[in-house]
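Reader: I should be grateful for a close look at a single part of this structure. Please explain the terms as they arise.

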Amino acid sequence: MADIAKLVEELSKLTVLEAADLAKALEEAWGVSAAAAVAVAAPAGGGAAAEAVEEKTEFDVILTGDGGNKIAVIKEVRAITSLGLTEAKALVEAAPKAIKEGVSKAEADDIAAKITGAGGTVEVK
């Protein structure tokens, strides 16, 4: 168990981009998809899954494009995520990509407004 706690501690130090790269590498190495696992798990919940959708309290903000205003969008992504310039640029160039995950509806709307104001496009899931 101590090894698991140590692993969790180390993984907590990853940036958003590093965590996304790790997830992709694990999917390729193990031949699985995180999206497929979620889709399979949802029907198993039955009626409880439908209730969870109605009471959703955590949202993901996905950058879908820079709208031709790449520099302004990179600046906003840096301000929102505290990423460095290189990481923020990589995130914007890799769109569609999550800016923040598991945030409240109010925070998701605020982030979406900031990115849209900079000329980018976002999707809140």
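**A helix and the core**

Author: In this predicted model, the largest nonpolar core has 18 residues, and those with the most contacts inside it are Leu63, Val77, Leu91, Ile99 and Ile115. A nonpolar core is a set of buried Ala, Val, Leu, Ile, Met, Phe, Trp, Tyr and Cys residues joined through side-chain atoms within 4.5 Å. Two or more residues each are given to this core by S1, H5, helix H6 (85-93), S2 and H7; the largest share, four residues, comes from H5. Helices (H or I, at least four residues) and strands (E, at least two) are DSSP runs, numbered from the N terminus.

Residues are numbered from 1 along each chain as its sequence is written, and side-chain values use heavy atoms, with hydrogens and water left out. Because the model is predicted, local features need pLDDT of at least 70 and side-chain atom pairs count only at pLDDT 80 or more, while totals for chains, interfaces and linings use all residues.

Consider now H7. The buried residues of H7 (under 20% relative accessible area; exposed is over 50%, partly exposed in between, with a 1.4 Å probe and protein chains only) are Ala108, Ile111, Ala112 and Ile115. Seen down the axis of H7, these residues fall within an arc of 100° (taken from the directions from the helix axis to the C-beta atoms), so they line one face of the helix. On the other side of H7, Ala106 and Gly117 are exposed. The cover over the buried residues includes strand S1 (59-65), helix H5 (70-81), strand S2 (97-103) and strand S3 (121-124). Beyond its neighbours within four places in sequence, Ile115 is in contact (heavy atoms within 4.5 Å) with residues including Leu63, Val77, Ile99 and Val122.
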